[in-house]
Amino acid sequence: MRHQGRLCRVVLILSLAAVASAAAAGEWTWESLVVSYGERDEGRREAERLRDLLLAEAPREEAYLLWEGLLLPEEPRARASRALALVEALFPEGDPARWEEVGGFWNPQEIPLCLAALDAVYGAALALADLPGKGGPYLASMLLRRLLQSPRARIHAFMTAPPVYGRLVARVPSYGPPWPRGEMKGSFPVACPVRGWVSQERALTLDMTFLDGYGRIASGLGSYAWDRERGRIYRVRDGRKRIWWWLND
C-alpha cells in the first residue's frame with residue numbers, strides 16, 4: 001500500500017508538470033488533455049502491475065549478489081527484476097528519494113552502499129526502458145524522478161553521472177521537465193571496493209568526492225575519497241604528523 005501511494009503521488013506530480021508545461025506553450029486542447037491523462041493513467045496501472053510481477057520474479061539472493069549480477073548478459077526483464085529487487089533492498093521503503101539515508105558498506109569488500117544504490121536505479125531504468133509496452137518506460141521514469149527528489153542525488157547522480165546516463169536520457173521518457181544534463185564522468189557500475197590510501201591534498205587536487213565514515217557523500221572532507229574519473233575509492237590520510245606515546249607497564 002505504501003508503494004502504491006508513492007506511485008500515485010509521483011504520477012500526479014508528473015502529470016501536473018507535463019500539463020503545466022504544455023498549457024504554457026498553448027498546445028493543449030480539451031481532447032488532447034483527455035488523451036494525455038488517459039495515457040498516463042494507463043501507464044501508471046501498467047507500471048504498478050509490472051513492478052509487482054518483476055519483484056516476484058527476482059532471484060532470492062543477497063543484495064551484494066544482486067549488485068554483482070547487474071552486468072550479467074540477461075534479457076531485459078531478468079535485469080529489471082534483479083535491479084528492482086536491489087532498489088528494494090538498499091533504499092528505505094524502496095524509495096530512491098531517500099538516497100541520502102543509505103549508508104554502510106558491504107564487507108569484507110568494503111563497497112559503499114550509497115553508490116551501489118545508484119547502480120540499482122541506473123540498472124533498473126536501463127532494463128525497464130527496453131521492455132515492451134508503456135509500463136517499463138513509465139516505471140523507469142518514476143524511479144529516476146524519485147531519485148531526483150534527493151538534493152544530493154541531483155548533484156551526484158544527474159549533474160555528474162556515468163556515461164550510461166546519456167543512454168537513459170535518450171530512452172526514458174521524462175513525463176515532465178527534461179532530465180538534467182550534466183557532466184559525464186566515470187563508468188557503470190559506479191560502486192567499487194575501497195583500495196589503498198590517498199592524502200587529503202591529493203584528493204582535493206584531483207577533485208575527488210569525499211565520503212564520510214558511513215560511505216555517504218560528505219559535506220566537506222571525509223574518511224574516504226572517491227575518484228570518479230578512474231573508478232576508485234581510497235582511504236584518506238590527513239597528512240598530520242602523529243606522536244605516539246608508548247606506556248610502560
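This is a short dialogue on reading helix packing, a sheet and burial in a predicted model.

Reader: Let's start with the helices. By what are two packed helices described?

Author: Two packed helices are described by the angle between their axes and the distance between those axes. Here, take helix H4 (residues 76-90) and helix H5 (residues 113-129): they pack at an angle of about 150 degrees, and their axes are 8 Å apart. H4 passes H5 in a left-handed crossing.

Reader: Which residues of H4 and H5 meet?

Author: On the H4 side, look for Pro76, Arg79, Ala80, Ala83, Leu84, Leu86, Val87 and Leu90. They meet Leu113, Ala116, Ala117, Ala120, Val121, Gly123, Ala124, Ala127 and Leu128 in H5. The residues of this contact divide into 15 nonpolar, one polar and one charged.

Reader: Thanks! Now the strands. How do strands of a sheet pair?

Author: Strands pair through backbone hydrogen bonds, in either a parallel or an antiparallel way. In this model, an open sheet of four strands runs in the order S5-S8-S7-S6, with mixed pairing. Its edge strands are S5 (194-199) and S6 (209-211), each of which pairs on one side only. From one strand to the next, the twist averages 40 degrees.

Reader: In what sense do S6 and S7 pair?

Author: S6 and strand S7 (residues 224-227) pair in the antiparallel sense, over three bridges. To find your place, start at Phe210, whose bridge partner in S7 is Ala225.

Reader: Back to helices, then. Which way do residues three or four places apart point?

Author: An α-helix has 3.6 residues a turn, so residues three or four places apart point the same way. Try helix H7 (residues 151-159), where Ala153, His156, Ala157 and Phe158 are buried. Seen down the axis of H7, these buried residues fall within an arc of 165 degrees, so they line one face of the helix.

Reader: What do the buried residues of H7 pack against?

Author: Their partners are H5, helix H6 (135-148), strand S3 (160-161), helix H8 (164-171) and S6. Among these, H5 is also the helix that packs with H4, and S6 is an edge strand of the sheet.

Reader: One last case: is Pro96 buried or exposed?

Author: Pro96 is buried: its relative accessible area is 2%, and the cut-off for buried is under 20%. This proline lies in the loop between H4 and strand S1 (105-106). Leaving aside neighbours within four places in sequence, Pro96 is in contact with Val87, Phe91, Val121, Leu143, Arg146 and Leu147. The C-alpha atoms of Pro96 and Leu144 are separated by 7.9 Å, while the two residues are 48 residues apart along the chain.

Terms used: Residues numbered from 1 in each chain as written. Predicted model: local features only at pLDDT ≥ 70, side-chain atom pairs only at ≥ 80, totals over all residues. Heavy atoms only, no water. Axes fitted to C-alpha atoms, helices over the stretch in contact; angles between N-to-C directions. Helix = DSSP H or I, 4+ residues; strand = E, 2+ residues; numbered from the N terminus. Left-handed = near helix turned anticlockwise from the far one by under 90°. Contact = heavy atoms within 4.5 Å. Nonpolar A, V, L, I, M, F, W, Y, C, P; charged D, E, K, R; others polar. Pairing = 2+ DSSP bridges. Buried < 20%, exposed > 50% of the residue type's maximum accessible area, 1.4 Å probe, protein only. Arc of directions from axis to C-beta.
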